[in-house]
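User: I would like to learn how to read sheets, pockets and unusual backbone angles in a structure file, one feature at a time. Could we begin with how the strands of a sheet are ordered?

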Amino acid sequence: MKVLFVASEVAPYSKTGGLGDIAAALPAALAARGHQVQVVTPRYGSISTASLGPLQTPLTLQFPFGSVIARFRNLQLAEGLQLSFVEEETYFGSRPGLYGHGDDARRFGFFAMAALSQARFTGFDPDVVHLNDWQPGLAALAMRTSFESRARCITTIHNIAFQGNFPSSVVPELGVPWAVFNPQGSEFHGHFSFLKTALVYSHALTTVSPNYALEIQTREGGSGLDGLLRHRRSDLTGILNGIDDQEWDPNRDPHLPAPYSRDDISGKEHCTRALLEEFGLDPGPRGPVFGSVGRMSDQKGVELWQQVVQQQLARGGYAVVLGSGEKALQDQWLELAGRFPGRLGVKIGFDEGVAHRVEAGSDFFVMPSKFEPCGLNQMYSLRYGTVPIVRAVGGLKDTVVDLAEPEATGIVFKAYSARALAEACDRAWALWIDAPRLFAVRRRGMAQDFSWNHSAAQYEAVYAAPKKV
Ligand code: ADP
Ligand code: GLC
C-alpha cells in the first residue's frame, strides 16, 4: 500500500512526547513490511537543514487569508520510506517551539493542505492518508470537499486532551465551508475543532491502546468527544504502540555505562551506581532507586509522586527525576531536591541520554498518570529490567501485569490518590527485600515483546478494510 503519514513531530527531528517516537517507528515498520510510506512533517526552526535534501519545486497554496508558498526537503530514510519536511519560514522556520502560537490554526491548516498537495503534485497517489492527532485534522475534511481523493483517511488519537479548538473566525479564514460548522460536523461548543473534524470526517479511527479506546468513549475520559466516539465505535480500534527495540535495548545502548541483558543482568547494578553519581546522590548503602521521566503536567500525576516520594527517601530510598513542563511542578521538584540532598536528584530539561540512563539505572519506574493513552516509558522500563509502578489507566493497564498475578511484571494501583501510590510503593519495598522474586519479575518484564511488528500488522488491517462512507 501507499501510505501518506502526516504528523506534527517525528523523532529525532522534533519531539515533545511519544507522538514523535511513534511517527518515526511506525512508518519504518510499515516500510519494512513492504509498503511505500511518505511521512510529512514541518521543518521547525530547531531542525537544521544541513543534513536534509535540497529544496524541491515550491507549491503555492491559496487560502482566503492569502497565499502561502510551501517548499519541501526530502530524506530517503530506507527502502520505501521517505520523510518530507514542509518548509515555511513565517509559520515554522522562524518560530520558537512547536505549538502554542496564536495562529496555530493557520499554521497547521497550512501544514495539512501542504501534505496533501505535495503528494498530489509529486504523483504519490496514496491508498491511505494517516493523520495523527489534531494538527493535520483539516486534511480529513479537505479529502471530502475541495481535495477529493480516493484514499482512505485514518486518524490516530494519541491524546484526546489536545483538540486544536479555535474561535469560529478561523472557519472563513481557512476556507472551511460554513455548512460543516455545526455539532454534527466540525463545531465543538462554538469553536472550530481540528480534532473533531478529523474524528467526524476520517473513514476510520484508531487510538494507541485498547483500554484507552474504551476510556475515551466514557464521559470521564472523552474530554467532551465521548458521544461522537460512541457513535463511531465500530470504526474505532485501539492498537497498542510499539517501542523501537533497537534504540531501547540495554545490551547495545550507547547511552549506558555498561550493557546488560536478560541472560546477564549484572551490568544493571553498574548503571545504577553511575546514575546515582550522575545525579550527585550518596553512594552509601544501596536503597531502591525510584526513577521518573516525562512531561511535568497534570496528566502525568506528578503532584502525587511529589507527595509520596518524601516517605520513600526518608526510609532510605533514592529518587531521580527527569522532566520539564509546568513551572510550578518544576519548582516544587527543585525545592524538594534542596530538602533531600544526596537522596533526590532532579534534572529539569529534555535529554535523551539521561532518559536512557534513568530507565537503566532505576529499580522502579514511577508513572502515576491521571490518564495515559498508551505511555512508552513503562515499556522501556520493562525492557530495561526496571519494575514499573503504574496506575491502572489507558495503556498502562494494557502493558503492566500486577504482582498479584502469576505473570507479574510490575505494580499496578487503581485510585488516583497519594495513599494508593504510597501503598504501591510499600509493595515495591516488599519486593525489593525479596531478591529472588524481584529477579523473576525483572526477567519476566525483559521477556515482553513490544516490538512494532505486531502493531504494524494491526494498522495494516485498518488500512485495508473497505471504505465505508
Ligand atoms: P507523552 O507522549 O504523553 O509525553 P509517552 O510516554 O508516550 O508520553 O512518551 C514520552 C516520550 O518522551 C518517551 O520517549 C520519553 O522517554 C520521552 N521524554 C519525555 N520527557 C523527556 C525528557 N525530559 N527527556 C528525555 N526524554 C523525555
Ligand atoms: C500521547 C500520550 C501517550 C502516548 C503518546 C504516543 O502523547 O500522552 O500516552 O504514548 O501520545 O501515542
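Analyst: Strand order is read across the sheet, and in this predicted model an open sheet of three strands follows the order 8-10-9, with antiparallel pairing. The edges are taken by strand 8, residues 165-167, and strand 9, residues 187-188, each of which pairs on one side only.

User: How many bridges hold strand 8 to strand 10, and which residue of strand 10 is the bridge partner of Phe166?

Analyst: Strand 8 and strand 10, the latter being residues 191-193, are paired in the antiparallel sense over three bridges, and the bridge partner of Phe166 is Phe192. Helix 6, residues 194-201, lies across strand 8, strand 9 and strand 10, and its direction is at about 55 degrees to strand 10.

User: What is the order of the strands in the open sheet of nine strands?

Analyst: The order there is 3-4-5-2-1-6-7-11-12, and the pairing is mixed. Strand 3 and strand 12, residues 236-238, stand at the edges with a single partner strand each, so one side of each is left without a neighbour in the sheet. From one strand to the next, the twist averages 25 degrees.

User: How do strand 3 and strand 4 pair, parallel or antiparallel?

Analyst: Strand 3 pairs with strand 4, residues 66-78, in the antiparallel sense over five bridges, and the bridge partner of Phe63 in strand 4 is Gly66. As for the helices on this sheet, helix 17, residues 452-464, packs on it and touches strand 1, strand 6, strand 7, strand 11 and strand 12, its direction making about 140 degrees with that of strand 7. Helix 3 lies across strand 1, strand 2, strand 3, strand 4, strand 5 and strand 6, running at about 135 degrees to strand 3.

User: How many residues of strand 7 are buried, and which of them point one way and which the other?

Analyst: A useful reading takes burial and side-chain direction together. Six of the six residues of strand 7, residues 152-157, are buried; Arg152, Ile154 and Thr156 point one way, while Cys153, Thr155 and Ile157 point the other way. Strand 7 runs parallel to strand 6, residues 128-132, with five bridges joining them, and Thr156 is the bridge partner of Asn132. Strand 7 is also joined by four bridges to strand 11, residues 204-207, and these two strands run parallel, with Ile154 standing opposite Ala204.

User: How should I describe a pocket, and which residues lie nearest the centre of the second largest pocket?

Analyst: A description can begin with volume and then turn to the lining. The second largest pocket holds about 270 Å³ of space, and among the 15 residues that line it, Met113, Ala142, Ser146, Leu174 and Gly175 lie nearest its centre. Strand 3 (59-63), helix 3 (104-122) and helix 4 (138-142) each supply at least two residues of that lining. By residue class, the lining divides into ten nonpolar, five polar and no charged residues.

User: Which residues other than glycine have a positive phi, and are they buried or exposed?

Analyst: Two cases are worth setting side by side. Asp133, in the loop between strand 6 and helix 4, has a positive phi of about 60 degrees although it is not a glycine, and Asp133 counts as buried because its relative accessibility is 9%, under the 20% cut-off. His189, in the loop between strand 9 and strand 10, has a positive phi near 50 degrees, and His189 is exposed because its relative accessible area of 70% is over the 50% cut-off.

User: Where is there a cis peptide bond?

Analyst: The angle to read is omega, and the cis peptide bond joins Ala11 and Pro12, with omega about 0 degrees. Pro12 is in the loop between strand 1 (2-6) and helix 1 (18-32).

User: Which residues is Asp226 in contact with, leaving aside neighbours within four places in sequence?

Analyst: With those neighbours within four places left aside, Asp226 is in contact with Ile216, Gln217, Thr218 and Arg219. Asp226 lies in helix 8, residues 226-231, and counts as buried at 10% relative accessibility. Leu228 is also found in helix 8 and counts as buried at 17%; beyond its neighbours within four places in sequence, Leu228 is in contact with Lys196, Leu199 and Val200.

Conventions
Residues are numbered from 1 along each chain as its sequence is written. Chains are lettered from A and ligands numbered from 1 in the order in which they are written. This is a predicted model: local features need pLDDT of at least 70, side-chain atom pairs count only at pLDDT 80 or more; totals for chains, interfaces and linings use all residues. Side-chain values use heavy atoms; hydrogens and water are left out. Two strands pair if DSSP finds at least two bridges between them. Contact means heavy atoms within 4.5 Å. Axes are lines fitted to C-alpha atoms, for helices over the stretch in contact, and angles run from 0 to 180 degrees between N-to-C directions. On a 1 Å grid over the protein atoms alone, a cavity is a set of points where a 1.4 Å probe fits but cannot get out, and a pocket is an open set with protein on both sides within 12 Å along at least five of seven lines; lining residues have an atom within 4 Å of a point. Grid points are joined across faces, edges and corners, and a volume is the space filled by probe spheres set on the points. Ala, Val, Leu, Ile, Met, Phe, Trp, Tyr, Cys and Pro count as nonpolar, Asp, Glu, Lys and Arg as charged, and the others, Gly among them, as polar. Buried means under 20% relative accessible area, exposed over 50%, partly exposed in between (1.4 Å probe, protein chains only).
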